[in-house]
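Below are my notes on the model, set out as numbered points. Please read them alongside the coordinates.

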Amino acid sequence: MIAAQAKLVYHLNKYYNEKCQSRKAAISKSIREVCKVVTDVLKEVEVQEPRFISSLSEIDNRFEGLEVTSPTEFEVVLYLNQMGVFNFVDDGSLPGCAVLKLSDGRKRSMSLWVEFITASGYLSARKIRSRFQTLVAQAVDKCSYRDVIKMVADTSEVKLRIRDRYVVQITPAFKCTGIWPRSAAHWPLPHIPWPGPNRVAEVKAEGFNLLSKECYSLNGKQSSAESDAWVLQFAEAENRLILGGCRKKCLSVLKTLRDRHLELPGTPLNNYHMKTLVSYECEKHPRESDWDENCLGDRLNGILLQLISCLQCRRCPHYFLPNLDLFQGKPHSGLENAAKQTWRLAREILTNPKSLEKL
């Protein structure tokens with residue numbers, strides 16, 4: 001048993017050193033290319049409208065506010081200033097979303113974003129996004145990369161297609177630190193010893209972001225609340241949670257397997273699903289010793305089996321907001337297809353670790 005486990009870990013490490021590292025290197029190169037173009041566009045936006053100041057900066061070889069959705073899809077979060085006069089309201093009526101409401105009607109004129117405030121005192125995410133989209137379209141025409149970029153049409157999101165190879169979504173957002181959403185108040189679960197009080201304090205201090213983007217959990221509910229609502233995002237908090245042990249290595253293997261074998265029609269699975277399942281696996285295996293390098297095979301196996309179960313049940317709850325289903329809106333046939341493919345992969349890896357050389 002131990003010999004089989006050691007053999008699996010050996011092949012996984014080899015897979016990580018060869019396939020995962022080359023994937024990372026290729027993505028890093030793509031990110032540099034993409035960020036050059038996006039920085040140029042945002043510089044033009046800023047000239048036209050100083051309220052939209054680019055916050056895309058490189059720190060320790062990492063671009064703050066950039067998320068990799070897949071090797072050719074990226075999201076850049078553009079942090080806006082001055083949320084000050086608004087109260088953050090998440091009463092659970094909009095799963096995965098919250099609204100920003102003027103704390104006092106008399107403060108309307110004090111807001112930097114005065115013309116985007118609705119009659120009922122909400123700061124409208126859609127109105128800000130619509131203005132930003134117009135600015136980006138104008139900037140694309142003026143910037144030095146205009147020959148290689150196109151705006152993606154038929155969406156209220158701000159998306160650029162670069163060199164017909166990459167798609168980048170640029171999302172206006174507010175950074176919220178020092179508060180924690182009520183809809184995530186159940187976390188951490190009292191009976192689970194992970195991640196421990198110090199890490200919990202760090203994660204909560206990291207806070208969350210409010211993004212101006214289409215909220216898929218509200219599709220079909222065309223209310224005014226929907227157009228005003230901001231989407232909750234916990235990227236930094238989630239990154240902090242998976243530090244230590246073989247957690248990040250495990251996630252890297254999962255992302256590489258997804259890119260190579262689970263990039264299916266309708267995109268039922270993305271990198272974020274993998275990241276979410278790593279967090280759930282941490283809860284199931286709360287001790288640090290469960291994440292030693294020699295446990296990599298067990299953890300990967302556990303996550304793949306959990307993924308199959310989620311795909312078969314057609315439900316994958318968001319880690320911090322369990323009322324939000326990350327599979328919502330995905331076609332059932334796509335989820336079934338992904339479940340079959342994942343099962344094939346898991347069985348292959350488990351019964352014949354050497355097969356990782358070909359995967």
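1. UniProt positions are given in the numbering used here, feature names are shortened, and annotations may be inferred rather than shown by experiment. An unreviewed UniProt entry annotates residues 246-343 as "domain: Mab-21-like HhH/H2TH-like". In the model, this span is 60% helix and 0% strand, and its end C-alpha atoms lie 23 Å apart. Helices (H or I, at least four residues) and strands (E, at least two) are DSSP runs, numbered from the N terminus.

2. On provenance: the model is predicted, with local features requiring pLDDT of at least 70 and side-chain atom pairs counted only at pLDDT 80 or more, while totals for chains, interfaces and linings use all residues. Residues are numbered from 1 along each chain as its sequence is written, and side-chain values use heavy atoms, with hydrogens and water left out.

3. Helix α6 (residues 247-261) and helix α7 (residues 271-284) have axes that come within 9 Å and cross at roughly 145°. Axes here are lines fitted to C-alpha atoms, for helices over the stretch in contact, and angles run from 0 to 180 degrees between N-to-C directions. The α6/α7 crossing is right-handed (the near helix is turned clockwise from the far one by less than a right angle; anticlockwise would be left-handed). On the α6 side the contact (heavy atoms within 4.5 Å) involves Arg 247, Leu 251, Leu 254, Lys 255, Arg 258 and Asp 259, and on the α7 side Asn 271, Met 274, Lys 275, Val 278 and Cys 282. By class there are 5 nonpolar, 1 polar and 5 charged residues in this contact. Ala, Val, Leu, Ile, Met, Phe, Trp, Tyr, Cys and Pro count as nonpolar, Asp, Glu, Lys and Arg as charged, and the others, Gly among them, as polar.

4. How many disulfides does a search of the whole structure find? The result is 0, a disulfide being a pair of cysteine sulfur atoms within 2.5 Å. For Cys 176, the nearest cysteine sulfur is that of Cys 97, 13 Å away. For Cys 295, the nearest is that of Cys 246, at 6.7 Å. Cys 176 is buried at 2% relative accessible area, and Cys 295 is buried at 14% (buried means under 20%, exposed over 50%, partly exposed in between, with a 1.4 Å probe and protein chains only).

5. Ala 139 lies in helix α2 (residues 125-142) and is buried, with 0% relative accessibility. Setting aside residues up to four places away in sequence, Ala 139 touches Val 41, Glu 44, Val 45 and Gln 48. Its C-alpha atom is 8.7 Å from that of Asp 40, at a sequence separation of 99 residues.

6. Gln 21 lies in helix α1 (residues 2-48) and is partly exposed, with a relative accessible area of 32%. The C-alpha atoms of Gln 21 and Ser 252 are separated by 8.7 Å, with their positions 231 residues apart along the chain.

7. Two cis peptide bonds deserve a look. Trp 187 and Pro 188 are joined by one with omega of about 0°, and Trp 194 and Pro 195 by one with omega of about 5°. Pro 188 lies in the loop between β9 (166-176) and α3 (197-206), as does Pro 195.

8. Positive phi values also merit checking. Asp 154, not a glycine, has a phi of about 60°; Asp 154 sits in the loop between β7 (149-151) and β8 (159-162) and is exposed at 84% relative accessibility. Asp 164 has a positive phi near 55°, lies in the loop between β8 and β9, and is exposed at 60%.
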